[in-house]
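Here's a quick tour of how a pair of chains sit together, and of some helix packing along the way. Have a look at the picture first, then come back for the details.

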Amino acid sequence: MLGPVGALRLTPALASQTSTTSLSQSGTTAGASFADALAKAASGSVDKLENAEALSVEALKGNADTRQVVDAVMSAQQTLQAAVAIRDKIVSAYLEISRMSI
Amino acid sequence: MDALTASLRIAASGLGAQSERLRVVSENLANAQSTGNFPGADPYRRKTVTFVSELDRISGGSLVDVSAIDRDPSAFRLEFEPGNIAADENGYVKLPNVNVLIEMADMTEANRSYEANLQVIRQARDLISMTIDLMRTS
Amino acid sequence: MEPVNLFDLAMRQSQWLAVRQTAIAGNVANVNTPGYLARDVEPFEKVLDRTGTVPGSTQPGHMGFGATEASFRTQAQEYNGAILPSKNTVVIENELMKAGEVRRAFEMNTAIVRAFHGMLLSVSKG
């Protein structure tokens, strides 16, 4: 029988990457692992976008499985939107820090 | 080829087979009274359709096809009609071995099977539409 | 047992439903074919129980569909009714009923996927 469906695991790519970020680490190691996690998230969404694009090209040529194309495109949408949200937060956090008086 | 497109293909082969069957039935009905045109001649002989299932290499499903259109070997009816061109020396005319009631029943069944295949096509088409609709942002 | 990714499960079910639709199409197309035995896919629960193993896509009796490599076993159904002289075991009413089940399950599947997709997008908005 199936175990409980983990709704929080809906985006395995993003969730697993951000969860491996150990924010409790201090100093430069924290910065490195966070940057790594961000880089992985960004490249993950690029990979999904490329995959979705490749499948869409095949679909336009008439060669692809409908459901696979749909799934790839939706997955790309999800990771892209999450990546964009993260990027926006980072940018606004950076701007806020840069405005801090010394 | 994905499975839903394959089922479209399969149902389309069903439509083709059933409409071939309907064509033969209507030919039988149209010629139910067709005699020969010289004394003692054979009349129209009833045609029958045989279906066979074929494995579709592309999709792995079972297509259907008409393997042969055969002639019904059963005997012709004889009717006493001395004035007819096709009457033999005793005045008997050979009439086609077509039974109108049987042909009508066959036609009804062919129609039913045709409708069922249409249903399958409609459903497969709808399922494909539903899948593509997932991508649509509402 | 590990929690299951919802979208992956929905994808698997939609593939199974599509294969079932194809089996139904084959049965309806062959409703008047002499000697044809009605076929159906194995139940979805059995497919899930098998997920540990790699699905073999080139065994006879598997309907495999190209890119997905998802193959499900189809087999001739047991038939308990009276056998026609033509040895055909397709009952159109049952096939249409199964088609209705497939349709309902498919609608539920796409509705669930759409709902969770929307939820995910709204989570990462703003």
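At what angle do α1(B) and helix α2 (residues 100–133) of chain B pack, and how far apart are their axes? The angle is about 160°, and the axes are 9 Å apart. Keep in mind that this is a predicted model.

**Inside chain B**
- An angle over 145° counts as roughly antiparallel, so α1(B) is roughly antiparallel to α2(B).
- The crossing of α1(B) past α2(B) is left-handed.
- Sort the residues of this contact between α1(B) and α2(B) by class, and you get 17 nonpolar, 7 polar and 4 charged.

**Where chain B meets chain C**
- Chain C puts 27 residues into the contact, and chain B puts in 30 residues.
- On the chain C side, α1 (6–29), β2 (62–64) and α3 (92–123) each chip in with at least two residues.
- That side of chain C is made up of 15 nonpolar, 9 polar and 3 charged residues.

**Helix to helix across the two chains**
- Helix α1 of chain B covers residues 3–30, and its axis comes within 8 Å of the axis of α1(C), crossing at roughly 5°.
- Angles under 35° count as roughly parallel, so α1(B) and α1(C) are roughly parallel to each other.
- From α1(B), the residues taking part include Ala3(B), Leu4(B), Ile10(B) and Gly14(B).
- Among those they meet as a group in α1(C) are Ala18(C), Val19(C), Thr22(C) and Ala29(C).
- This contact of α1(B) with α1(C) has 10 nonpolar and 6 polar residues, and no charged ones.

Conventions:
Residues are numbered from 1 along each chain as its sequence is written. Chains are lettered from A and ligands numbered from 1 in the order in which they are written. This is a predicted model: local features need pLDDT of at least 70, side-chain atom pairs count only at pLDDT 80 or more; totals for chains, interfaces and linings use all residues. Two residues are in contact if their C-beta atoms, placed from the backbone, lie within 7 Å. Helices (H or I, at least four residues) and strands (E, at least two) are DSSP runs, numbered from the N terminus. Ala, Val, Leu, Ile, Met, Phe, Trp, Tyr, Cys and Pro count as nonpolar, Asp, Glu, Lys and Arg as charged, and the others, Gly among them, as polar. Axes are lines fitted to C-alpha atoms, for helices over the stretch in contact, and angles run from 0 to 180 degrees between N-to-C directions. Angles under 35 degrees count as roughly parallel, over 145 as roughly antiparallel, 65 to 115 as roughly perpendicular and the rest as oblique. A crossing is left-handed if the near helix is turned anticlockwise from the far one by less than a right angle, and right-handed if clockwise.
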